[in-house]
Amino acid sequence: MSVYQLKSRFQNILRPLVRSLAARGVTANQVTSVAAAVSVALGFFLSVAPLPHWFLLVPVWFLLRMGLNAIDGMLAREHGQKSNLGAYLNEIGDVVSDVALYLPFALIDPNGFVPAMAVIFLSALTEFTGVLGQTVGASRRYDGPLGKSDRAVLFGALGIFVAVGGTFAAWTSWLWAVVALLLIWTTINRISAGIREAHTVAR
């Protein structure tokens, strides 16, 4: 089970807003670019001024960003705004945003930043693997157990933990290890599912 599987319900809630934005001339690429820009700005701010209470912005922004990600996709698919540039912006913007938002957590870990940086690398690898499905004749893969939406819940929870006074300690290394294993599992699932789908399509 992945949070991603709740996407259709989320989209149904947002559909009236999407229609209104499309009528006002808002484009999918504009929404994608704004989401990435704000993510980078927030990540930079928390990296240079890692005050605990500011980490409460992380779960708030992750929720808003999930909404923006749904909105740009719906604008593209349902309002004739699909483009090659949009596909690049969407994938690159997501990875850059994730790196920016995860990095502050690596910088406040007293055990060093290497474990969290490994998680950041593996997170990017899962998205790269998902995109590669399209190169073998499958669809863009979103298989879990730790896709983008699931990671948003995880890091949002960590943001709340830090904001209310929680501190990282020795246990954090174990957390990163578990997350890394789940990301490796996710990568393997996406490769396996992509290969199976490609074989099915080829028949």
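**Exercise 1. Decide whether arginine 140 and glutamate 127 are buried or exposed, and find what joins their side chains.**

*Solution.* Begin with accessibility, where buried means under 20% relative accessible area, exposed over 50%, and partly exposed in between, with a 1.4 Å probe and protein chains only. By this rule both arginine 140 and glutamate 127 are buried. The model is a predicted one, in which local features need pLDDT of at least 70 and side-chain atom pairs count only at pLDDT 80 or more, while totals for chains, interfaces and linings use all residues. Residues are numbered from 1 along each chain as its sequence is written, and side-chain values use heavy atoms, with hydrogens and water left out.

Next, look at the side chains: arginine 140 and glutamate 127 form a salt bridge (a side-chain nitrogen of Lys or Arg within 4 Å of a carboxyl oxygen of Asp or Glu), and their closest N and O atoms are 2.8 Å apart. Glutamate 127 belongs to helix H5 (114-132) and arginine 140 to the loop between H5 and H6, so this pair ties together parts that are 13 residues apart in sequence. Helices here are DSSP runs (H or I, at least four residues; strands are E, at least two), numbered from the N terminus.

**Exercise 2. Find which arginine in helix H7 forms a salt bridge with glutamate 127.**

*Solution.* Arginine 190 forms a salt bridge with glutamate 127, and the closest N and O atoms are 3.3 Å apart. Because glutamate 127 lies in H5 and arginine 190 in helix H7 (residues 170-202), the pair ties together parts that are 63 residues apart in sequence. As to accessibility, glutamate 127 and arginine 190 are both buried.

**Exercise 3. Follow the salt bridge between lysine 148 and aspartate 94, and place it among the others.**

*Solution.* The two side chains meet with a distance of 2.8 Å from N to O. Lysine 148 is in helix H6 (residues 148-163) and aspartate 94 in helix H4 (residues 84-107), so the bridge ties together parts that are 54 residues apart in sequence. Their accessibilities can be set side by side: lysine 148 is partly exposed, at a relative accessible area of 23%, whereas aspartate 94 is buried, at 8%. Asparagine 69, which is found in helix H3, touches both Asp94 and Lys148, not counting residues up to four places away in sequence, and with 15% relative accessibility asparagine 69 counts as buried.

Now widen the view to the whole structure, which holds 11 salt bridges. A network of salt bridges links Arg65, Glu91, Asp94, Asp98, Glu127, Arg140, Lys148, Arg151 and Arg190.

**Exercise 4. Describe how H4 runs relative to H5 and to H6.**

*Solution.* Two packed helices are described by the angle between their axes and the distance between the axes. Axes are lines fitted to C-alpha atoms, for helices over the stretch in contact, and angles run from 0 to 180 degrees between N-to-C directions. Angles under 35 degrees count as roughly parallel, over 145 as roughly antiparallel, 65 to 115 as roughly perpendicular and the rest as oblique.

Take H4 and H5 to begin with: their axes come within 9 Å and cross at roughly 165°, which makes H4 roughly antiparallel to H5. The contact (heavy atoms within 4.5 Å) includes Glu91 and Val95 of H4, and Ile120 and Glu127 of H5.

Then take H4 and H6, whose axes come within 11 Å and cross at roughly 25°, so that these two helices are roughly parallel to each other. Among the residues making this contact are Asp94 and Asp98 of H4, together with Lys148 and Arg151 of H6.

**Exercise 5. Describe the packing of H5 with H6, and identify the peptide bond that is cis at proline 145.**

*Solution.* The axes of H5 and H6 come within 11 Å and cross at roughly 155°, and the two helices are therefore roughly antiparallel to each other. Their contact is made by Val119, Ser123, Thr126 and Glu127 of H5 and by Lys148, Arg151 and Phe155 of H6.

Proline 145 is found in the loop between H5 and H6. The peptide bond from glycine 144 to proline 145 is cis, with omega near 15°. As background, most peptide bonds are trans.
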